[in-house]
Amino acid sequence: MVENEHHHQQPPAPAPPPPPAAVQQPLGAARGPAYPPAEQLLQLNYCIHSNPSWAQTAILAFQHYIVMLGSIVMIASILVPRMGGDHGDKARVIQALLFMSGINTLFQALFGTRLPTVMGPSFAYILAILSIINDFRDEDFSSEHERFLHTMRAIQGSLIISSFINMLLGFSRSWGEFTKLLSPLIVVPYVCVVGLGLFARGFPQLATCVEIGLPMLVFLVVVQQYMKRLHPAAHPILERFALLVCIALIWAFAAILTAAGAYNNVGDATKRSCRTDRSFLISSAPWIKIPYPFQWGTPIFRASHVFGMMGAALVTAVESTGTFIAASRFAGATPPPAHVLSRSIGLQGVGQLLDGIFGSIAGTNASVENVGLLALTHVGSRRVVQISTIFMFFFSIFGKFGAFFASIPLPIFAAIYCVLYGLVASVGITFIQFTNNNSMRNIYIMGLSLFLGISIPQYFVANTDGNSGRGPVHSGGGWFDDILNTIFASAPVVALIVGTLLDNTLDAHHARDERGVPWWGPFQHKKGDSRNEEFYSFPLRINEYVPTRFL
């Protein structure tokens, strides 16, 4: 009995397992989700390959034309009066700029980067052009119109010669080799200042007629961001076309103020900014005029003028590259590979050569505001930009119709640019997700590049004579001064120089992962990522006729 009871005795209960060790959660992990890096923006309605309906494509293309028109009118308004030109000369200059913008945009969309980027005249050439204007100020001419023609011929010659800078950088593939030094860490401040560096064209220009510019800014934000959320049916319409609606409303409001006599007793500067009848473009523009080679006369070549233009050509290569990187993000494409950037800058040089031949007043670069429009509308379609060239060609040839839209008051454009430039600046910040943003090394490089990229150009711009174009560098050599003053007045150039030097010399090898090079590197090679061929290959069978180093 005792033995039986001993045989059926229950085994002792196992000891309970020890409590799991407490896992140290990252600071703030319990407060919300952490978003992983995303190579492409997921809220785009149409990316580089997808296309809206033909009706929507046409309206969006017209919207791109309107947005780029503001910079054209600004440049013509700054330069033509200083050259001795009248309203008719200004209208013809605008026609030439529009025509060449259409050609250069079509070239880039078909054979260059293949990104949805509009090509327009660059403000980087203004200092060099002002220097040319100043050289002829003391010369005697039979009339102001003769002074204008002589200056235009000098500008043509300088554009033609300086265009070989970009062609050499691009077609030799030197530019692509240089861009391989970039990393996401450099791209952050570089692309940021592509937008932020244009702040002078935003609110300062808006404030020249605040009763028109400020309502435009407020209306655009309210209609495009808030009213689209009131009803699902209104969302796609207002998201894509609110810009045109706001322009029409504020333009009509400005016309009412003009007709009511609100600006009858104000200064001339206010009249030029606010009135809708002070551009005199409609009355002076020809009905039909096709820009043709050497329309202003035989180009004049002078070495002292060419060097300043060369500096501007180098600046446009830097600025366009930053704009292309931003456009690739808003188009849902991979960052442009090195060989694509090389051929695009080379083709930009060809475009500048054509600018000089066809009598444009300034060289070309990628339009920052139109890249911002991709973000505003959430439409990154390449076809939309290609169709926009039809409007550029049409309104450049039929001058009266083009002059109608060119008479939109500039503060309206400035209000638009406040939003569009901000969007381009903010997309630069998104590249920080591919770096270690907790690295003190990275914080130092980004901070210094961003600050100096804004501060140094501001010093050069503030100390530049607006009439003569003379900047703060006074070495005694006018051509050398023009080059340095032009280069260091560009925010993207300064940010790129500072960022590239620091990132590639400050413990670069050991910080390779922190810099984001493992993510960035494959995109810089033709076969590094399978999507490169999809986004950047030539259309049709053009690949068969292009040297392999440009494919």
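**Notebook: Q63, a pocket and two cavities**

I looked up Q63 and found it in contact (heavy atoms within 4.5 Å) with R240, F241, L243, L244, L373 and T377, leaving aside neighbours within four places in sequence. I noted that the model is predicted, that local features need pLDDT of at least 70 and side-chain atom pairs pLDDT 80 or more, and that totals for chains, interfaces and linings use all residues. Residues are numbered from 1 along each chain as its sequence is written, and side-chain values use heavy atoms, without hydrogens and water.

I placed Q63 in helix α2 (residues 54-83); helices are DSSP runs of H or I with at least four residues, numbered from the N terminus. I recorded Q63 as buried, at a relative accessible area of 1% (buried means under 20%, with a 1.4 Å probe and protein chains only).

I turned next to the second largest pocket (an open set of points on a 1 Å grid over the protein atoms alone, with protein on both sides within 12 Å along at least five of seven lines; lining residues have an atom within 4 Å of a point). I read 18 lining residues, of which L41, L42, Q43, F330 and T430 lie nearest the centre of this pocket. I found that α18 gives the most to this lining, with four residues.

I then checked the cavities (sets of points where a 1.4 Å probe fits but cannot get out). I noted among the residues lining the largest cavity A91, I94, Q95 and F395, and I saw that α3 (87-111) and α17 (399-406) each supply at least two residues. For the second largest cavity I listed E39, S328, R329, A333, T334, P335, F431 and W519.

Key
Buried means under 20% relative accessible area, exposed over 50%, partly exposed in between (1.4 Å probe, protein chains only).
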